[in-house]
Amino acid sequence: MTQKLKVAVIMGSDSDIPVVSQAIERLKSFGIPVEAHVMSAHRTPERAMAFAAAAYDNGFGVIIAAAGKAAHLAGVLAANTTMPVIGIPIKSSTLDGLDSLLSTVQMPSGVPVATVAIDGAENAAILAAQILALGDPELGEKLKAMKREMEAAVIEKDKKLSKSI
Ligand code: RP5
């Protein structure tokens, strides 16, 4: 059996853990192997670049990168690999995450970062799962089941609302 591709979850600081842990939990719920690291585009630039450059050889299929403020982490990782990179802009204390969002999303042509919403850790995990599911039918079934659960939950809420008015 071929080895399952891993997802790398990289964060700029341990202060990002409360948000990033939501992505890690979601990935684990799909049975996706996860590796998490603190690495900074500014404080450990060489480590970040080396990680991205070796990611294919080390068994990863997608990189998720979370950072706040001048959030260049996802971009630096994307510059050093052709693997899909998903960016999570972390809500910052000074500009409410708009700084992080723009720093993550506004990449130059040729170096895409698939950017989710500010603090959108869960969607980052689901998007990573959707990418990996292209080569993993079992994971694809789990995603379909998740969609059905979401649908059932909304229908249930609709019923409750109808009864209450
Ligand atoms: C970014 O700066 C990190 O991703 C974090 O969101 C923010 C603040 O980092 P710390 O000062 O808490 O280490 O690099």
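# Salt bridges, ligand, core and surface

Tutor: Let us start with E35, which forms a salt bridge with K6, their closest N and O atoms lying 3.1 Å apart. The two residues come from distant parts of the chain, E35 from strand β2 (residues 34–38) and K6 from strand β1, with their positions 29 residues apart. The model is predicted, so local features need pLDDT of at least 70 and side-chain atom pairs count only at pLDDT 80 or more, whereas totals for chains, interfaces and linings use all residues. Residues are numbered from 1 along each chain as its sequence is written, and side-chain values use heavy atoms, with hydrogens and water left out.

Student: What makes the contact between E35 and K6 a salt bridge?
Tutor: The term requires a side-chain nitrogen of Lys or Arg within 4 Å of a carboxyl oxygen of Asp or Glu. For E35 and K6 the closest N and O atoms are 3.1 Å apart, and the pair therefore meets the rule.

Student: How many salt bridges does this rule give?
Tutor: The count comes to 3. One of them joins the side chains of E122 and R26 at 2.8 Å, N to O. This pair also links distant parts of the chain, since E122 sits in helix α5 and R26 in helix α1, 96 residues apart. Helices and strands here are DSSP runs numbered from the N terminus (H or I of at least four residues for a helix, E of at least two for a strand). Another salt bridge joins K144 to E141, whose closest N and O atoms are 3.4 Å apart. Because K144 and E141 are 3 residues apart in helix α6, about one helical turn separates them.

Student: Why are E122 and R26 described as partly exposed?
Tutor: The scale calls a residue buried under 20% relative accessible area, exposed over 50%, and partly exposed in between (1.4 Å probe, protein chains only). E122 has 37% and R26 has 23%, so each value falls into the middle class. E35 at 27%, K144 at 47% and E141 at 42% also count as partly exposed.

Student: Why is G110 placed in another class?
Tutor: Its relative accessible area is 75%, and as the limit for exposed is over 50%, G110 is exposed. G110 lies in the loop between α4 and β5 (114–115), and its C-alpha is 9.8 Å from that of A78, although the two are 32 residues apart in sequence.

Student: How do you know that S13 makes a polar contact with the ligand?
Tutor: A polar contact is a pair of N or O atoms within 3.5 Å (within protein, one must be able to donate a hydrogen and the other to accept it, and residues adjacent in sequence count only if both atoms are side-chain atoms). A side-chain N or O atom of S13 is 2.6 Å from a ligand oxygen, so the pair qualifies. A polar side-chain atom of S15 lies 2.7 Å from an oxygen atom of the ligand, and one of R43 lies 2.9 Å from a ligand oxygen. Taken alone the ligand exposes 360 Å², of which the protein buries 71%.

Student: Which residues have the most contacts inside the largest nonpolar core?
Tutor: They are V7, L27, F30, I32, I64 and I88, in a core of 28 residues. The elements β1 (6–11), α1 (17–29), β3 (60–68), β4 (85–90), α5 (121–133) and α6 (137–164) each supply at least two residues of this core. The greatest contribution is that of α5, with 8 residues. A nonpolar core is a set of buried Ala, Val, Leu, Ile, Met, Phe, Trp, Tyr and Cys residues joined through side-chain atoms within 4.5 Å.

Student: What makes K69 and D119 notable in their phi values?
Tutor: Most residues other than glycine have a negative phi. Phi of K69 is positive, near 60°, and that of D119 is positive too, near 65°. K69 is found in the loop between β3 and α3 (73–79), and D119 in the loop between β5 and α5. K69 is partly exposed at 47% relative accessibility, as is D119 at 27%.

Definitions and conventions: Accessible areas come from the Shrake-Rupley method with a 1.4 Å probe; for residues, only the protein chains shown count as cover.
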